Number of protein chains: 2
Amino acid sequence: MATRVNTVAVLGLGLIGGSLARALKTNGFCERVIGYGHRAPSLEKGVELGVIDSFTLDLAEVIDSADILVICTPTLVAEQVLAQILPAIAGRADAPIVTDAASVKGNLERAARRICDGQYPPRFVLGHPIAGSEQSGVAASRADLYINHRVILTPVAENDADAVSLVRDMWLATGADVVDMDVAQHDAVLAATSHLPHVLAYALVDALAQSDASDDIFRFAAGGFRDFTRIASSDPVMWRDIAIANKAALLEAIDLFSGHLADLRTAVAGEDSDGMHATFTRAKAARDEFAAILAERAKGK
Amino acid sequence: MATRVNTVAVLGLGLIGGSLARALKTNGFCERVIGYGHRAPSLEKGVELGVIDSFTLDLAEVIDSADILVICTPTLVAEQVLAQILPAIAGRADAPIVTDAASVKGNLERAARRICDGQYPPRFVLGHPIAGSEQSGVAASRADLYINHRVILTPVAENDADAVSLVRDMWLATGADVVDMDVAQHDAVLAATSHLPHVLAYALVDALAQSDASDDIFRFAAGGFRDFTRIASSDPVMWRDIAIANKAALLEAIDLFSGHLADLRTAVAGEDSDGMHATFTRAKAARDEFAAILAERAKGK
């Protein structure tokens, strides 16, 4: 590992922030990791578990002492945290680099420009580790969470190249695959592969739970249904916030999907054997190819 | 096991029929299991693997020699097999009992009445084992496939009580949980928990595969997407046939779902935090409860 920095600050110590802290300490990317948040208990637990070296509830102290600030709060809270950080570091030559781990990038890019009167702050690097788990909280954090997982950085034209490079090195130190993407492209891809499926799973389970036959429905559902609806067990607050933050791309994805579902409904209603067969066959081929890619990636792990 | 019969015939020797044959032989429910089909290779393999004792390509021979005929063919093929069997056994006092393992029941009930000029044949018992696997074919068959899985019987008013009882005993011998249900209720429940999710998964994967960003989409999709889309890797022919066989209930399920999705789209577009939170929270509660039931059932296994 070529790069070493003194202090990384994790703002918001849950599964994502805690796992980053563990990975950076395990791999010696920095001398120390400090935690910041609004409430002491999870930070105290982080120190107890050895996830972080120390913590503070004082944002000014974090800004003064850390080389990199990583905002690991929920999506909409990240906008508020940015509103506190960016004015405090504006124009400071010794200001820390700021990055984040939120699921949507466009809303934070817009927030950063708004907070800085239209000027994107060059040392704020937008990032998104694509990792997670059904568990949450610092107690579930793991040093290996990011190994072979994708981290997408979405640098903008105004970004300081050194800042982007340091954030990239930080994620590489966790064992992640780091790739760059355009902000809009990131939000569209995530809407399609993650945000839309969550909305579909929530809509399906809620529709069935409210139907007259809901007792029988859940009594006779089997393994396929369990897998298909697993993501409907995700945190409602987190997903409400993501839906709001990525509204435009999510609406586009919902509409794309709804159009295809309407076509398939027409095929079912008309007993259009060939149409259904063609759609199902194309989908199976795409899904099998995707599964093969994932299996290949898992082998590399 | 109280009941023992001499010969069970499995018509269509794939995963479902092969696993039934193995389970019945393992548990001594019958003296022998014979296989029937249109093509010899899978039947020969069934004999080689010890799944069945013998096979024939002659349906008349099956009808003459078996006590129970179990139709384990694909859904729409089952209608054709019924059309061959039911006239051959009409009015015969020594006729074997006939049952099936198809995913949809209403189409077979209608087919039976049609074939028998409006008179439902008393010794034809509609049944559906809710079990399966991503694998298929006789080579994937397992004696324990049905243990602790649900088998739904949908007897009709005209059914012979002894025939229903013997079919129930047969499935109990495999280790399954056997429950009775109304035909229409079965088809509605299966449409909701299985047929609709398959249509949604196929529609989603096909929509994404055809989008301009499909390369990125599949490159950056992760574990949640893999689980959500697993059923889109299912056999296109099987699911086309199920969609046709259960058209009415499936269309109703699609419409129920589409209404809920449209409501959720409105909530996203209007940034209706409370509405989204309420829906997501209800869905999570229902899904968590369902997962707990499944976990409990798995413990009993």
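Which residue of β5(A) does A:Ile71 stand opposite? In this predicted model, A:Ile71 faces A:Asp100. The two strands concerned, β4 (residues 68-71) and β5 (residues 97-100) of chain A, pair in the parallel sense over four bridges. Between β4(A) and β5(A) the chain passes through helix α4 (residues 75-89) of chain A, and this β-α-β crossover is right-handed.

Strand β5(A) also pairs with strand β6 (residues 124-125) of chain A, again in the parallel sense, over two bridges. Here A:Val98 has A:Phe124 of β6(A) as its bridge partner. The connection from β5(A) to β6(A) runs through helix α5 (residues 106-115) of chain A, and this β-α-β crossover is likewise right-handed.

In a regular strand, side chains alternate between the two faces of the sheet. In β5(A), A:Ile97 and A:Thr99 lie on one side, whereas A:Val98 and A:Asp100 lie on the other. All four residues are buried, and both faces of the strand are therefore covered, buried meaning under 20% relative accessible area. A:Asp100, the residue opposite A:Ile71, is thus among the buried residues of β5(A).

The arrangement of the two chains was examined next. A turn of 180 degrees, with a shift of 0.0 Å along the axis, lays chain A on chain B with an RMSD of 0.0 Å. The two copies are thus related as by a two-fold rotation axis. Within chain A, the residue that comes closest to this axis is A:Phe228, at 2.2 Å (C-alpha). The same surface serves both copies, as 100% of the contact residues of chain A recur in chain B.

Definitions and conventions: Residues numbered from 1 in each chain as written. Chains lettered and ligands numbered in written order. Predicted model: local features only at pLDDT ≥ 70, side-chain atom pairs only at ≥ 80, totals over all residues. Heavy atoms only, no water. Buried < 20%, exposed > 50% of the residue type's maximum accessible area, 1.4 Å probe, protein only. Pairing = 2+ DSSP bridges. Right-handed = clockwise from strand over helix to strand, strands pointing away. Least-squares fit on C-alpha atoms with pLDDT ≥ 70 in both. Contact = heavy atoms within 4.5 Å.
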